[in-house]
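Colleague: I have just opened this structure and would like some help reading it. Could we go through it feature by feature?

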Amino acid sequence: VFFSSDMALSANLVVAFAVLAATCGFGIFKVYNPEQLFSFHPTLVFVGFLLMGSAAVAMASYRAHYLHAILNALAVLSILGSVIVMYQVKEQGGRAHWWTSSASWHALGGGVLACLYPLVALGSALTIPPGTPATAVVVPGAQHRAFARILVLMGFVTVSTGWYKLFQNDTPVLAAVPAGLLLFAVLGRFFTVPKLHQLAGKPAPRAAPKKD
């Protein structure tokens, strides 16, 4: 199902989505220019990876399996689109690609993310496809959430480095996007680490019996 009857988003997550939408909207407003090919690169990143991908990861714990999968698929397509656009821009400008030794940290991080995110999304789709009973996804689900959160946080850092290259001389604009992404990560509990027994596929440790 897209939504289940007991899918009640927490107040923190509702605020997190509002912060994410505002951050991405502001970013797109600042970078999009239909007359410049390059502007489609950050626009696709904001719409696809940051908005759809981050939202999909943040709501993974809620029972909206198909919506989670669709958002992730759209995020993957947007990431690939942004890579294609950047490839064309660098070819036209004779600049170094991300896999070369002279590439910037931003380009290297974006290239690694563009390779890993689709693999994690595809792997989870094969191992825990939408509709899988909740009792069968405890271990792979915990592993998937952990890797996905790490990738999204990597993406936030990568986006922030690219944002710095564009707006390093405009401090308020420069600070707006990284601050919004950090606030979203905190509200969306991206720094919450799954318990080790979940990652290892072991049963939860039993609490010691209380002594009288």
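Modeller: Gladly! Let us begin with burial: a residue is called buried under 20% relative accessible area, exposed over 50%, and partly exposed in between. Leu116, with a relative accessible area of 35%, is therefore partly exposed. Please keep in mind that this is a predicted model.

Colleague: In which helix does Leu116 lie?

Modeller: Leu116 belongs to helix α4. Leu116 is also one of the residues in a nonpolar surface patch, together with Trp105, Leu108, Val112, Leu119, Phe147, Ile150 and Met154. Together these residues have about 810 Å² of accessible area. Two elements give two or more residues each to the patch: α4 (105-127) and α5 (138-167). The largest share, 5 residues, is from α4.

Colleague: Thanks! Stepping back, how many helices and strands does the chain have?

Modeller: There are 7 helices and 0 strands, so read along the sequence the pattern is α-α-α-α-α-α-α. The chain has 212 residues, and 39% of them count as buried.

Colleague: How should I read a single helix, say α2? Is α2 largely enclosed or largely open to the outside?

Modeller: A helix can be read by its length, its bend and its cover. Helix α2 covers residues 40-58, which is 19 residues, and spans 25 Å from its first C-alpha to its last. That is close to the 27 Å expected at 1.5 Å a residue. At Phe46, α2 bends by about 25 degrees. As for cover, 14 of its 19 residues are buried, so α2 is largely enclosed by the rest of the structure.

Colleague: Next, aromatic rings. How many aromatic pairs are there?

Modeller: Rings are paired when their centres lie within 6.5 Å, and planes under 30 degrees apart count as stacked. By this rule there are 9 aromatic pairs. One of them joins Tyr87 and Trp99, with 6.4 Å centre to centre and 25 degrees between the planes, which makes the pair stacked.

Colleague: Which parts of the chain does the pair of Tyr87 and Trp99 tie together?

Modeller: Tyr87 sits in helix α3 (residues 65-93) and Trp99 in the loop between α3 and α4, so the pair ties together parts that are 12 residues apart in sequence. Tyr87 is partly exposed at a relative accessible area of 35%, while Trp99 is exposed at 54%.

Colleague: What about Trp163 and Phe167: how do their rings sit?

Modeller: Trp163 and Phe167 form a tilted aromatic pair, 4.5 Å centre to centre with 45 degrees between the planes. Both residues lie in helix α5, 4 residues apart, about one turn of the helix. Trp163 has 2% relative accessibility, so Trp163 counts as buried. Phe167 is buried too, with a relative accessible area of 14%.

Colleague: Which residues do ring pairs link into a cluster?

Modeller: The cluster is made of Phe26, Phe46, Trp163 and Phe167. Phe46 is already familiar, since α2 bends there by about 25 degrees.

Colleague: One last thing: how far apart are Lys30 and Phe167, in sequence and in space?

Modeller: Residues can be far apart along the chain and still meet in the fold, which is worth checking with both distances. Lys30 and Phe167 are 137 residues apart in sequence, and 9.7 Å apart in space from C-alpha to C-alpha. Lys30 lies in helix α1 (residues 11-31) and is partly exposed, with a relative accessible area of 33%.

How values were computed:
Residues are numbered from 1 along each chain as its sequence is written. This is a predicted model: local features need pLDDT of at least 70, side-chain atom pairs count only at pLDDT 80 or more; totals for chains, interfaces and linings use all residues. Side-chain values use heavy atoms; hydrogens and water are left out. Patches are made of residues with over 30% relative accessible area and no salt bridge: like charges are joined within 9 Å, nonpolar side chains (Val, Leu, Ile, Met, Phe, Trp, Tyr) within 5 Å. Accessible areas come from the Shrake-Rupley method with a 1.4 Å probe; for residues, only the protein chains shown count as cover. A salt bridge is a side-chain nitrogen of Lys or Arg within 4 Å of a carboxyl oxygen of Asp or Glu. Buried means under 20% relative accessible area, exposed over 50%, partly exposed in between (1.4 Å probe, protein chains only). The expected span of a helix is 1.5 Å times one less than its number of residues. The bend at a residue is the angle between axes fitted to the seven residues ending there and the seven starting there. Rings of Phe, Tyr and Trp (its six-membered ring) pair if their centres lie within 6.5 Å; planes under 30 degrees apart count as stacked, over 60 as edge-to-face and the rest as tilted.
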